[in-house]
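Here is a short briefing on how the strands in one model fit together. Look at the structure first, then work through the points below.

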Amino acid sequence: MSEIVVSRIIEASPERVWEVVTDLDHAHETLSGVVSVQRMTDGPYALGTRWRETRKMFGREATEEMWVAKSDPQRRTQVRAESGGANYVTEFTLTPLDEGARTELSVRFDAEMTAPSGLQKVGMKVLGGVAARATRKALEQDLVDIAAAAEA
């Protein structure tokens, strides 16, 4: 799957947007695509924080173990996951606008097969476009949900 990037202007400060993006305990309430989050580490959101996130995609629930790979509070965070022979990277970038009164939130998602079998390669050629469109739609909905929570 090729890289997907989506962004949205949010009528809230980067500090407020960061609070929403990194609030794992309420992610299932904030993000309509998230069914549940099970924290695996205690403490605040920081480098190394781990959790299991269950999302509903294509009418089915899927759970992935995720972790914070990079964190620059109120500016950028990178979340990673590995599953089914693929590495997933999701990066959120917060850019202050209007002297910090608003925020542009961008999300970059990339998935890379680590050692794809012949069947997986064929499957990606056949279903890759469908998966990319569904992923883009899910990311765009996440931004809508984050904006609603940050602007409330």
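β3 and β4 form a hairpin, with two residues between the strands. Keep in mind that this model is predicted. In the turn, Phe 58 has a positive phi of about 55 degrees.

**The hairpin strands**
- β4 covers residues 60-72 and runs antiparallel to β3.
- Eight bridges join β3 to β4.
- Thr 54 has a bridge partner in β4, and that partner is Thr 63.

**The other neighbour of β3**
- β3 covers residues 50-57 and is also joined to β2, by five bridges.
- β2 and β3 run antiparallel.
- Val 37 stands opposite Glu 53 of β3.
- Ser 36 has Thr 54 in β3 as its bridge partner.
- Thr 54 therefore appears twice: its partner in β4 is Thr 63, and Ser 36 is paired with it as well.

**The whole sheet**
- How many strands form the open sheet? Seven do, and their pairing is antiparallel.
- Reading across the sheet, the order is β1-β7-β6-β5-β4-β3-β2.
- Which strands stand at the edges? They are β1 (4-10) and β2 (34-39).
- Each of these two has a single partner strand, so one side of each is left without a neighbour in the sheet.
- On average, neighbouring strands of this sheet are turned by 25 degrees against each other, with direction ignored.

Definitions and conventions
Residues are numbered from 1 along each chain as its sequence is written. This is a predicted model: local features need pLDDT of at least 70, side-chain atom pairs count only at pLDDT 80 or more; totals for chains, interfaces and linings use all residues. Side-chain values use heavy atoms; hydrogens and water are left out. Two strands pair if DSSP finds at least two bridges between them. Helices (H or I, at least four residues) and strands (E, at least two) are DSSP runs, numbered from the N terminus. Axes are lines fitted to C-alpha atoms, for helices over the stretch in contact, and angles run from 0 to 180 degrees between N-to-C directions.
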